[in-house]
Amino acid sequence: KNICQDRLIQLEVESPDVPDLTLIDLPGIARVASEGQGDIEYQTKALIRKHIKKPEAIILCVIPCNVDIATTEALKLAKEVDPEKGRTLGVMTKPDLVDRGAEHEIVKIALNRSEHKLKLGYFVVRCRGQEEVLNAMSLKEATQKEADFFEESKYYQSLLDEGVAGTKTLSRQLVKQLVYQIRRSLPVLKEKVSFLIKEAKEKLVRLGEPLPKEKFGFLLKLLQSFGDAVKTAGTGENPSLFEGENLYAMIHKSFTEFDAELEKIRPNQNLPREQREIQKKLQDYRGRELPTFLSFPVFRSFAIAKVDEMKRPAIDLLETVANHVRKVVIDIAQKHFEAYRNLNVQVQERMDDYLKKRFAEAKKDIERSFNSEQYIFTQDKNYRGLIMSTKREESREVCDR
């Protein structure tokens, strides 16, 4: 009931009297669907587009002479895939059914002198009518009757002289166009075949030699090579072991970007925004502190806020590094185990599970570190040393005055 897109009914005709051609007879554009057919118009158009879009195909656009060519959907579809009209050939049928007075317009179109010009031109043919088909008229008789029709017509006789009328003339022209298309397509086909051969050879090289009898030793050696390549990618040393992205350089770049992000967060009391925040917190949290003594709640809230701001960039850095590691490891596995699909899948799955586990552990460590910073501890040796050094500097300045 519906249109089959993938299977064609093939008919081979062998005879010394027929041209060497391959024709695909596509259906006309149906608009009214029978029961259970679905959208028959969409189906027929999809089938037509599938075949005429191929750049090596010659499009035979069949147009009845008793229909206005400007409204022909076949030409419209051909123009979609062949806008230059370089591989579309118009075939005009039913010249014997043209209304009186319209013959001159048909001749004008057939001679490619109308506004609907095609680079391959037009041909006019007269096929068997329904009555002739029912009467079992042979193709030989039909061809002769067609020739008589054009020779005896005062309007279409000139088309014979111009070589654009008759089924035999059309056949000869199609053979010429087929040869031309083959010659034009040969360089492209040759290039494509060469590329496919090269691709196949490269794949054979990547597949390597057949598996040796001692499979365990071979597998151990292969996994050792994979481990060395992962280690090399992480250290950035001996790049000859792994031809790919330098994981060390990628991670180093991420840490540089992380440092720049922290620099934006780092407190700076000279910035107006920081000064306003400190002043506001002093007003909000001021207690019984002596003059010139900083309120501990103010200090704590300010310090905790800054620590919290640093937490997100740290987690982002971890995710970025984890993604770099995962990508490089998978690429290395793909190159080492490409010839062994099952082994490749198993290694990648296990490495992915391992990396996810390590990522979760690292994320917990980072969160634990930041949570511990919520408790302000000022007995640190470095911190106390800095305080004492600052006081000594201030004392010297007072003495100098």
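Which residue stands opposite Gly90 in E2? Cys61 does, and that pairing is a good place to begin a walk through this predicted model. The protein has 13 helices and 3 strands, and buried residues make up 25% of its 401 residues. Among contacts between residues at least 6 apart in sequence, 68% join residues at least 24 apart.

Let us start with the strands. Strand E1 covers residues 59–64 and runs parallel to E2, to which 6 bridges join it. On its other pairing, E2 is joined by 3 bridges to strand E3, residues 122–124, and these two strands also run parallel. Within that pairing, Val91 has Phe123 of E3 as its bridge partner. The chain passes from E2 to E3 through helix H3, residues 103–110, in a right-handed β-α-β crossover. A right-handed β-α-β unit is also made by E1, helix H2 (residues 73–81) and E2.

Now look at where the side chains of these strands go. In a regular strand the side chains alternate between the two faces of the sheet. Along E1, Ile59, Cys61 and Ile63 point to one face and are buried, while Leu60, Val62 and Pro64 point to the other face and are not buried. What about E2, residues 88–93: how many of its residues are buried? The count is 6 of 6, so to speak of this strand as mostly covered is fair, given that buried means under 20% relative accessible area. From E2, Thr88, Gly90 and Met92 point one way, Leu89, Val91 and Thr93 point the other way, and the residues of both sets are buried.

Next comes H2, the helix that lies between E1 and E2 in the β-α-β unit. Its residues Leu75, Leu77 and Ala78 are buried. Why do they sit on the same side of H2? They cover an arc of only 160° around the axis, and that places them on the same side of the helix. As a reminder, an α-helix has 3.6 residues a turn, so residues three or four places apart point the same way. The cover over the buried residues of H2 includes helix H1 (40–52), E1, E2 and E3.

Helix H1 offers a residue worth a look: Lys45 is placed there. Is this lysine buried or exposed? Lys45 counts as buried because its relative accessibility is 14%, below the 20% cut-off. Leaving aside neighbours within four places in sequence, Lys45 is in contact with Ile29, Glu73 and Leu77. Leu77 is one of the buried residues of H2 mentioned above.

From here we can turn to the nonpolar cores. The largest has 27 residues, and Tyr122 and Leu159 touch the most other members. E1, E2, H3, E3 and helix H7 (167–207) are the elements that give two or more residues to this core, and the largest share, 4 residues, comes from H3. Which residues does Leu159 contact, leaving aside its neighbours within four places in sequence? They are Val107, Ala110, Leu111, Val124, Val164 and Ala165. There is also a second, separate core of 25 residues, with Ala314, Ile315, Ala333 and Leu355 among them.

Our last stop is the aromatic rings. A pair of aromatic rings is described by the distance of the centres and the angle of the planes. The structure holds 4 aromatic pairs. In one of them, the ring centres of Phe149 and Phe150 are 5.3 Å apart and the planes are at 70°, so this pair is edge-to-face. Phe149 also pairs with Tyr156: here the centres are 5.9 Å apart and the planes are at 35°, so the pair is tilted. Phe149, Phe150 and Tyr156 form one aromatic cluster. Two members of the cluster can be followed a little further: Phe150 is buried, with a relative accessible area of 0%, and Tyr156 counts as buried at 2% relative accessibility.

Technical notes. Residues numbered from 1 in each chain as written. Predicted model: local features only at pLDDT ≥ 70, side-chain atom pairs only at ≥ 80, totals over all residues. Heavy atoms only, no water. Buried < 20%, exposed > 50% of the residue type's maximum accessible area, 1.4 Å probe, protein only. Pairing = 2+ DSSP bridges. Right-handed = clockwise from strand over helix to strand, strands pointing away. Arc of directions from axis to C-beta. Contact = heavy atoms within 4.5 Å. Phe/Tyr/Trp six-rings, centres within 6.5 Å; stacked < 30°, edge-to-face > 60°. Core = buried A, V, L, I, M, F, W, Y, C linked by side-chain atoms within 4.5 Å.
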